[in-house]
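Trainee: I am new to this structure and would love a close look at one part of it. Could you walk me slowly through how the helices pack, and the residues around them?

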Amino acid sequence: MIFRQLFDSVSGTYSYLLASRPGGEAMILDPVLEKAERYCKLLQELDLKLVKAVDTHLHADHVTGLGELRDRTHCITIMGEQSKADVVSMRVADGDKITIEGLALDVMYTPGHTDDSYSYLMGDRVFTGDTLLIRGTGRTDFQNGSARAQYDSIFNRLLKLPEETLVFPAHDYKGDTVSTIGEEKRYNPRLQVRSIDEYIELMGNLNLPNPKLMDVVIPANMHVGLHQDELEKQGRSLNARQAIESLGRTDVLLVDLRESGERAKHGTLSGALHAPYPSIDESLKPGGMLREVAAASGRRIVFFCAYGERSAMAVKAACEAGLANTAHIAGGIDAWKKAGGPVLHA
Ligand SMILES: [Fe+2]
């Protein structure tokens with residue numbers, strides 16, 4: 001396994017680069033905007049293809065690198081379903097898995113620091129975001145934070161993990177890099193409380209100043225979505241209503257870019273071909289599945305995904321590969337459902 005803990009000294013943020021092998025797929029957790037160049041260089045040096053960029057929560061102290069990395073590498077952006085970010089490619093919930101080649105993260109909803117805080121468990125280690133820090137816990141006094149919810153997330157979820165589980169947080173300001181669940185249980189001063197009420201009182205009396213850049217950073221992190229207007233101007237975008245009207249038309253081929261887990265959970269569209277986004281380049285090459293199907297059928301490929309990001313990137317990739325007659329469903333199956341479109345469940 002390739003495991004890199006990367007540090008941004010300005011915000012004290014740890015980002016994690018994960019991959020199962022050199023030359024394979026990679027994922028990054030909590031990337032920082034200003035470090036995007038550095039990450040891309042490292043990806044190149046390690047011969048890795050970034051396929052997923054994940055935030056544990058909407059950060060208040062640094063601008064996320066999600067949007068920038070998506071624009072540079074065409075990776076999928078991921079946050080929890082409660083996140084107020086305008087558009088991410090994929091939203092996850094408790095019990096889901098985030099997978100790349102050879103690696104899987106178990107998604108744990110651990111609210112409290114914010115209402116969109118998640119932890120990600122990967123075998124012997126857990127990425128705790130700002131829920132559980134080394135000898136500390138994330139503040140709970142803004143972004144719908146809740147000391148009560150955080151107590152529950154920590155005591156009833158994270159501390160129930162095996163004691164030897166490694167704890168990798170999203171921040172450290174003292175220079176610590178890793179801890180364990182057992183160590184935090186015993187020595188984290190915030191966790192030496194006798195009751196939930198004692199914890200709530202402790203968290204209520206911290207009187208911390210707001211993060212310096214909070215007023216700039218939070219709005220920026222809420223607008224990480226890919227701008228899809230360009231495709232609309234080019235006539236390569238169907239809104240949900242237009243897409244619903246085109247259902248069953250013989251000159252249209254719907255292509256579902258989502259993963260099998262998303263299709264099982266959220267349903268799919270009648271007659272849609274399944275072509276997962278991470279292999280889109282392969283699929284669009286001469287001899288590739290989509291290219292052959294498009295040529296053989298003469299139909300217009302209409303890509304869709306969860307929220308329209310992967311499909312917008314697929315339209316661009318198709319154009320670059322010389323496949324001009326494509327479009328996407330703006331807003332994805334989410335917009336389709338909201339417009340009352342029919343969905344098939346397996
Ligand atoms: Fe945070």
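Mentor: Let's begin with a term: a crossing is right-handed if the near helix is turned clockwise from the far one by less than a right angle, and left-handed if it is turned anticlockwise. Helices (H or I, at least four residues) and strands (E, at least two) are DSSP runs, numbered from the N terminus. Please keep in mind that this is a predicted model, where local features need pLDDT of at least 70 and side-chain atom pairs count only at pLDDT 80 or more, while totals for chains, interfaces and linings use all residues. Residues are numbered from 1 along each chain as its sequence is written, and side-chain values use heavy atoms, with hydrogens and water left out.

Two packed helices are described by the angle between their axes and by the distance between those axes. The axes are lines fitted to C-alpha atoms, for helices over the stretch in contact, and angles run from 0 to 180 degrees between N-to-C directions.

Take helix 1 (residues 36-45) and helix 2 (residues 66-73) to warm up: their axes cross at roughly 45° and come within 10 Å. Helix 1 and helix 2 are therefore oblique to each other (under 35 degrees counts as roughly parallel, over 145 as roughly antiparallel, 65 to 115 as roughly perpendicular, and the rest as oblique). The crossing of helix 1 past helix 2 is right-handed. Helix 1 brings Ala36, Glu37, Tyr39 and Cys40 to the contact, and helix 2 brings Glu68, Leu69, Arg72 and Thr73 (contact means heavy atoms within 4.5 Å). Sorted by class, the residues joining helix 1 and helix 2 are four nonpolar, one polar and three charged; Ala, Val, Leu, Ile, Met, Phe, Trp, Tyr, Cys and Pro count as nonpolar, Asp, Glu, Lys and Arg as charged, and the others, Gly among them, as polar.

Now to the main stop, helix 3. Its axis lies 9 Å from that of helix 5 (residues 196-204), and the two pack at an angle of about 125°. That makes helix 3 oblique to helix 5. Helix 3 goes past helix 5 in a right-handed crossing. On the helix 3 side you will find Ala147, Arg148, Gln150, Tyr151 and Ile154, which meet Ile196, Asp197, Tyr199, Ile200 and Met203 of helix 5. The residues of this contact between helix 3 and helix 5 are seven nonpolar, one polar and two charged.

Let's zoom in on Gln150, which sits in helix 3. With a relative accessibility of 0%, Gln150 counts as buried (buried means under 20% relative accessible area, exposed over 50%, partly exposed in between, with a 1.4 Å probe and protein chains only). Beyond four places in sequence, the residues that Gln150 touches include Tyr199 and Met203, along with Pro111, Gly112, His113, Asp130 and Thr131. The C-alpha atoms of Gln150 and Thr110 are 7.0 Å apart, although 40 residues separate them along the chain.

Asp152 belongs to helix 3 too, which spans residues 147-156. Asp152 is partly exposed, at a relative accessible area of 39%. Its side chain makes a polar contact of 2.4 Å with the side chain of Asn156; a polar contact is a pair of N or O atoms within 3.5 Å, where within protein one must be able to donate a hydrogen and the other to accept it, and residues adjacent in sequence count only if both atoms are side-chain atoms.

Stepping back along the chain, we reach the loop between strand 12 (136-137) and helix 3, home of Gln143. A polar atom of the Gln143 side chain lies 3.0 Å from the backbone oxygen of Leu58. Leaving aside neighbours within four places in sequence, Gln143 is in contact with Leu58, Ala60, Thr114, Asp115 and Ile218. Asn144 has its place in the loop between strand 12 and helix 3, and its phi is positive, near 55°, though it is not a glycine.

Thr114 leads us on to Ser117: a polar contact of 2.7 Å joins their side chains. Ser117 is in the loop between strand 8 (103-109) and strand 9 (118-122), and it is buried, with a relative accessible area of 1%.

One last look, back towards helix 1: Asp30 is in the loop between strand 3 (25-29) and helix 1. Asp30 has a positive phi of about 50° without being a glycine, and at 2% relative accessibility Asp30 counts as buried.
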